[in-house]
Structures are given as C-alpha cells and as structure tokens.
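Please open the model in a viewer and keep the sequence panel visible. The stops below proceed from the whole chain to single helices and residues.

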Amino acid sequence: MSEVMLVLLLTTTIAGLVGTGLGGLLGALLQKDSKRVVSLLLSFAGGVMLSVVCFDLVLEAIETQVGIWTVIGSILLGVAVVYILNHWIDRKTNPELSHIDEHHPRTADDLDELIHADHLKHHAAKEDGKLSLFVAGLVMACAIALHNVPEGMTIGASYAVGGGKLDAESLTLAVLIGLHNIPEGMAVSVPLISGGMGKLRAVLVTALSGLPTVIGALLGFWLGDIGALGLALSLGFASGAMLYVVFGEILPQAYLMYHSKAPAFSSIAGMAVGLLIIYL
C-alpha cells in the first residue's frame, strides 16, 4: 500500500470517521439535556489538543532548526487563516437569525451554533427553496472542515516526521484527534436529529463530516515531505489553527454551555491525559 493510501486510511478510519461518527452516536443517545455532557467533553478534548500542540507539534517544528521566528510566523498564520475564514462565515450567516444581535455572545453558546446547523434548520423551517438549503448545508460543511482540515494536517505532518512510516506516534496522534472529534460529532448530530432527521441517517451524515480530515492530512504530508522548512510550516500552521479552534471556539463555548468551574477541571484533566499518551 502506498504512503498516500496509508495516510488516507489512517485519517478517515481513526481520526475522521470513527471519532466524529462515535460523537454522532453519543449525540443521538444523549440528545436530550446533553449540554452539560457536551461541555465537559469539549473542554476535555480541548485540553488534550493543547497538550498535543504545545508538547509535541510545536517542539517538533522547533527541532527542524529552521529558526524560531519561522515557527512563530507559521503558528500565527494558522491562527489568522482560521480566524478570517470563521469571521467571514459568521458575517455572511449571522444576520439570517433574529437572536444573533448585539446582546448575543460573540461565540457559540449552543450546540448547533458551533457548526452553523441552526442556519440549516432556519431555512428548513421556512421551507425555503433547495438552493437556500444547499447553501446553508455548504456553510455547515465549511464550518466543520475548518476544524477537521488542520487536525488532518497534524497527522500528515507527523507521518512525514516518521519518514513515511506508520509509526506509533502517528497512530497515537490519530487516536487523539479521534477523541477530539467526539464532541464535535455530538455537535453535528444533535441539531440534525432535533430538526427531524432520523437517528441512523444523522449518525452516518455526522461520520461523513469527518472526511475533510483527509484533505488536511494530504496537505500536511505533502508540506512535511518537501524538507525541514516545509515540515516546520506544516506543523506550525496546524498548531496555530488548532490553538485558535481551542481558545477561540471550543473552550468559550464549553463555558457558555455549562456555567461552572467543571469545564476548567475537565480541560486540565484533558491536558494530563494528553501528556500521558504522548510520553508513555
């Protein structure tokens, strides 16, 4: 099997389809009063991803010896790109819903807002034409892709670090990404089911939403395979993108969904688990 096919298999089965699909299944089972559960899962996954970024990916980028400013620049680029894309999506879609106004939090405070599924339900409830539903679905898919593409890049870059071999580190990272995708899968399936979609179909659709991970994996592997500079750029960009997702979306949403100190302790527990997985 070729190197590219191994990357595809790794990302789609473990990180993308399995992780997101499992989250979709949990969302189908826990869709009633699941905000507290999803909040703790989101904050825990955010902690795991912080460990992966800070104690693995960034260190790998620094070890390429291309210069600390190059690493910092690539991290800031990853933050900027994801922020700009998210800002553009929000600016285009938020005016559609009456509750999105000056009194609404600047970040998502409900499950369906995380991936803009509320806009899809809004058009469906109004019985808008197929074009409006298609555009709303496309926006939802883009929002999911913004989370999954940089995650895939981390796996692809890690695979390149290993010299194109399927090593334990790449496999561990894929498992971590899959764990991170569980609450995202819940965030996708819950609004779909609430909007009237059958549970089985919603779980399947949710699992397929993990496919953008493959795009990121191929991009990360391609960049990481062209030399030390490409590897540093790939690892740095993916790290920056995930840092924005964690601090700009996942953790704020977790706190808004569950007003408690519990998400903080869940994040710390996630970081500890991430360290154990990385270094054991």
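Begin with the entire chain, coloured by burial: of its 280 residues, 50% are buried (under 20% relative accessible area with a 1.4 Å probe, protein chains only; exposed means over 50%, and partly exposed lies in between). This is a predicted model, in which local features need pLDDT of at least 70 and side-chain atom pairs count only at pLDDT 80 or more, while totals for chains, interfaces and linings use all residues. Residues are numbered from 1 along each chain as its sequence is written, and side-chain values use heavy atoms, leaving out hydrogens and water.

With the surface displayed, about 13000 Å² is exposed, and carbon and sulfur atoms supply 70% of that area (Shrake-Rupley method, 1.4 Å probe). Switch to a cartoon: the chain has 11 helices and zero strands (DSSP runs of H or I with at least four residues for helices, of E with at least two for strands, numbered from the N terminus). Among contacts with a separation of 6 or more, 82% join residues 24 or more positions apart; contact means heavy atoms within 4.5 Å.

Next, select helix H2, residues 35-62. Its 28 residues should span 40 Å at 1.5 Å a residue, and the end C-alpha atoms, 38 Å apart, agree with this (the expected span is 1.5 Å times one less than the number of residues). At Val53, H2 bends by about 35°, the angle between axes fitted to the seven residues ending there and the seven starting there.

Which residues have the most contacts inside the largest nonpolar core? They are Val53, Leu57, Leu235 and Met242, in a core of 23 residues (buried Ala, Val, Leu, Ile, Met, Phe, Trp, Tyr and Cys residues joined through side-chain atoms within 4.5 Å). H2, H3 (68-93), H6 (130-161), H7 (168-194) and H10 (228-257) each supply at least two residues of this core, and the largest share, seven residues, comes from H2.

Centre the view on Met242. Beyond its neighbours within four places in sequence, Met242 is in contact with Met49, Val53, Leu57, Pro150, Glu151, Thr154 and Ile177. Apart from the largest core lies another, of nine residues, including Val38, Ala241, Tyr244 and Ala254.

Move to Ala174 in helix H7. Ala174 counts as buried because its relative accessibility is 0%. Ser158 is 16 residues from Ala174 in sequence and 9.7 Å from it in space, C-alpha to C-alpha.

Finally, select helix H9, residues 212-224. Its buried residues include Pro212, Gly216, Phe221 and Gly224.
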